[in-house]
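Biologist: Could you walk me through the aromatic contacts in this one? I'd like to see it first.

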Amino acid sequence: MIEKYSDVLIPQRADPCILLAPDSWYYFTASVPAFDCIEIRRARSIEELPNAPTRIVWTKHESGPMSKYIWAPEIHLVDGNWCIYFAAAGEEPDNKGVFSHRTYCIQCEGDPMLDEWVEMGRINTGWESFTIDSTTFTVGDKRYFVWAQRDYAIPGNSNLYIAEMTSATELKLPATLLTVPEYDWECIGYLVNEGPSVLKHNGKLYLTYSGSATDENYAMGMLTADEDADLLCKDSWVKSPVPVMVTDPEHKIYGPGHNSFTKDHEGRDLLVFHARPYPGFVGDPLSDPNRHCHVWPVEYDENDRPVFN
């Protein structure tokens, strides 16, 4: 049984994503320290994932828009096909530290551990700017896409947006702005809303995300909506003014964030996230590989709301 404050599940894997697929296998992907490829692994249990064989399913291009800083892959089953959404850049950041990432998709129609993955191109989000950290979820017969993107008219690095999907690679635009960095805890070091993921529980949707710089100030926030609400209306989502998961020095959890959700085989909700075992980082944030993957059970309070810390 997975316990809270358990040991690191997989070391040096940031932005972790675990999918429990209909075939009862667990599939794992994450950012690798070199940011140069997309790697997946699968196992019959979460506990077996650390020692499971890995497969590199895609490698960055030698040059051009998909040649640098491969970030935050997420694996999903969409319309019966395997899809991995990820962000890639084509150049070094500019003199203001702004990266050139856009969001892309690769797809596999067969066995993801054996068969070919095909580039499906870039996801058009409606305008041109820094775009990362995409996720997808369904409610009823509708599928939604949530991601982080910069709007130069809004202070900060990234905001969160949502759009309905018309296919695995196309969005019904324009998108809806869900949240911008506005509270002090979201704006330490950098003004950031990124790394969204959605947890469904008893008719509610809990959209978690991460804010601030990726040191010990990195923390998780949360938006809440009713499943039957208009999810493309910003007012359907209630934003917590305080973070829902923060650094825990007692247990050496520093800068928890960029999470995803999965379930155990008994149906219990699990939180998947990365954190460093120490404050700050060694060198610059991208050169420090020690953001490790953890998996904890999700607990619920007396009001049936998820509790993470």
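What follows is a short chat about ring pairs and a charge over a ring.

Modeller: Heads-up: this is a predicted model, where local features need pLDDT of at least 70, side-chain atom pairs count only at pLDDT 80 or more, and totals for chains, interfaces and linings use all residues. Residues are numbered from 1 along each chain as its sequence is written, and side-chain values use heavy atoms, with hydrogens and water left out.

Biologist: How many aromatic pairs does a search of the whole structure find?

Modeller: Rings of Phe, Tyr and Trp (its six-membered ring) pair if their centres lie within 6.5 Å; planes under 30 degrees apart are stacked, over 60 edge-to-face, the rest tilted. Searching the whole structure on that basis gives 14.

Biologist: Is the pair of Phe261 and Phe308 stacked, edge-to-face or tilted?

Modeller: Phe261 belongs to strand S17 (a DSSP E run of at least two residues, numbered from the N terminus), and Phe308 comes 47 residues away, in the segment after strand S21. Their ring centres are 6.1 Å apart with planes at 40 degrees, so the pair is tilted.

Biologist: What is the relative accessible area of Phe308?

Modeller: Buried means under 20%, exposed over 50%, partly exposed in between (1.4 Å probe, protein chains only). Phe261 is buried at 13%. Phe308 is buried too, at 2%.

Biologist: What kind of pair do Phe273 and Trp296 make?

Modeller: Phe273 in strand S18 and Trp296 in strand S19 are 23 residues apart, and both are buried. With centres 4.9 Å apart and planes at 80 degrees, the pair is edge-to-face.

Biologist: Which residue lies over the face of Trp25?

Modeller: The test wants NZ of Lys or CZ of Arg within 6 Å of the ring centre and within 35 degrees of the ring normal. At 4.9 Å from the ring centre, the residue is Arg42.

Note on methods
Helix = DSSP H or I, 4+ residues; strand = E, 2+ residues; numbered from the N terminus.
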